Amino acid sequence: MSKLINFLLFLLLWPAAVFGAVYEQFMPMWLVLFAMVATVVYSSINLRTDLKLLISAVVFGFCFESLAEQLGWLDFINESQVQGWPPNWIITLWAGLGLTFSQSNAWLFKKHIKWMFLWLACVPMTYLSAAKLGVIRIENFPFTYVAVFIGWSVYHLVIRHALNHPSILRAYPKGDNHA
């Protein structure tokens with residue numbers, strides 16, 4: 001049940017963040033993220049692993065989005081943002097994603113790798129939809145699509161490796177193979 005709640009909250013986080021950016025109303029985004037944190041804390045088998053995954057997602061997201069903006073792949077359209085730094089709504093989305101890795105999106109790291117790549121192939125479309133709503137500008141979508149797919153794929157392969165090797169995150173009991 002907690003995985004379903006985590007999944008539904010993550011689905012709510014994207015529109016709360018993106019529409020929050022459109023209308024500059026971020027309270028729903030913060031409430032959804034708080035609810036995600038609360039459900040993970042309440043239902044987590046290994047809270048320490050979840051916190052490491054959350055931090056890794058925020059750090060990677062910050063670096064990835066900053067690099068994408070600095071290289072001109074995308075431009076965040078937000079008056080309140082520090083130039084060259086990703087806005088809080090996109091970092092919040094990364095935080096929410098990190099909270100799903102051992103919860104509702106855990107299947108991505110346990111099943112055959114082709115399912116992870118199929119899921120990742122859909123990810124760049126979220127950037128396109130954010131561009132259509134006017135919160136980011138993408139100059140060259142095919143290039144950005146490939147760059148986002150590659151960047152997210154590398155990150156997910158690192159997370160997959162970490163989750164499936166207990167010595168890295170202590171994610172699963174020793175000897176419990178998940179990949």
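Biologist: Before I start, exposed means over 50% relative accessible area and buried means under 20%. Where does Glu24 fall, buried or exposed?

Modeller: Glu24 is exposed, because its relative accessible area of 55% is above the 50% cut-off. Keep in mind that this is a predicted model.

Biologist: OK, and where is Glu24 in the chain?

Modeller: Glu24 sits in the loop that joins α1 to α2.

Biologist: What's up with phi of Glu24?

Modeller: Phi is near 50 degrees there, so a positive value in a residue that isn't glycine. And as I said, Glu24 is exposed.

Biologist: Let's zoom out. How many helices and strands does the chain have?

Modeller: There are nine helices and two strands. Reading from the N terminus, the order is α-α-α-β-α-α-α-α-β-α-α.

Biologist: And what share of the residues counts as buried?

Modeller: 45% of the 179 residues. The accessible surface adds up to about 9,600 Å², and carbon and sulfur atoms own 70% of that.

Biologist: What about contacts with a separation of 6 or more, how many of those come from residues 24 or more positions apart?

Modeller: Those account for 69% of them.

Biologist: Back to the helices on either side of that loop. At what angle do α1 and α2 pack?

Modeller: About 160 degrees, and their axes are 9 Å apart. Angles over 145 count as roughly antiparallel, so that is what α1 is to α2. The crossing is left-handed.

Biologist: Which residues make that contact?

Modeller: From α1 they include Ile5, Leu9, Phe10, Leu13 and Ala17, and from α2 they include Met29, Val32, Leu33, Met36 and Val40. Among the others are Ser2 and Asn6 of α1, plus Thr39 and Ser43 of α2.

Biologist: How does the contact of α1 with α2 split by class?

Modeller: It has 14 nonpolar residues, four polar and no charged.

Biologist: Now α4. How does α1 pack with α4?

Modeller: α1 covers residues 2–23 and α4 covers residues 88–98, and the two pack at about 175 degrees with axes 9 Å apart. That angle therefore makes α1 and α4 roughly antiparallel.

Biologist: Which residues do the work in that contact?

Modeller: α1 brings Phe10, Leu13, Trp14, Ala17, Val18 and Ala21, while α4 brings Trp89, Thr92, Leu93, Gly96 and Leu97. By class, the contact of α1 with α4 has nine nonpolar residues, two polar and no charged.

Biologist: What about α2 and α4, parallel or antiparallel?

Modeller: Roughly parallel. Their axes cross at roughly 20 degrees and come within 10 Å, and angles under 35 degrees are what count as roughly parallel. The crossing is left-handed.

Biologist: Which residues of α2 and α4 meet?

Modeller: Met29, Trp30, Leu33 and Met36 from α2 meet Asn88, Trp89, Thr92, Ala95 and Gly96 from α4. For the contact of α2 with α4, the tally is six nonpolar, three polar and no charged.

Biologist: Staying in α4, is Ile90 buried or exposed?

Modeller: Ile90, which lies in helix α4, counts as buried at 7% relative accessibility.

Biologist: What is Ile90 in contact with, leaving aside neighbours within four places in sequence?

Modeller: Glu65 and Phe76. As for C-alpha atoms, those of Ile90 and Val58 are separated by 9.5 Å, with their positions 32 residues apart along the chain.

Biologist: Switching to α3. How accessible is Ala57?

Modeller: Its relative accessible area is 0%, so Ala57 is buried. Ala57 lies in helix α3. Leaving aside neighbours within four places in sequence, Ala57 is in contact with Trp94, Gly98, Phe101 and Tyr155.

Biologist: What separates the C-alpha atoms of Ala57 and Ile91?

Modeller: 8.7 Å, for residues 34 apart along the chain.

Biologist: Last one: Thr49, buried or exposed?

Modeller: Buried, at 3% relative accessibility. Thr49 is in helix α3, which runs over residues 47–70. The C-alpha atoms of Thr49 and Leu163 are separated by 8.9 Å, and those residues are 114 apart along the chain.

Technical notes: Residues numbered from 1 in each chain as written. Predicted model: local features only at pLDDT ≥ 70, side-chain atom pairs only at ≥ 80, totals over all residues. Heavy atoms only, no water. Axes fitted to C-alpha atoms, helices over the stretch in contact; angles between N-to-C directions. Helix = DSSP H or I, 4+ residues; strand = E, 2+ residues; numbered from the N terminus. Parallel < 35°, antiparallel > 145°, perpendicular 65-115°, else oblique. Contact = heavy atoms within 4.5 Å. Nonpolar A, V, L, I, M, F, W, Y, C, P; charged D, E, K, R; others polar. Buried < 20%, exposed > 50% of the residue type's maximum accessible area, 1.4 Å probe, protein only. Areas by Shrake-Rupley, 256 points an atom, 1.4 Å probe, with all protein chains shown as cover. Left-handed = near helix turned anticlockwise from the far one by under 90°.
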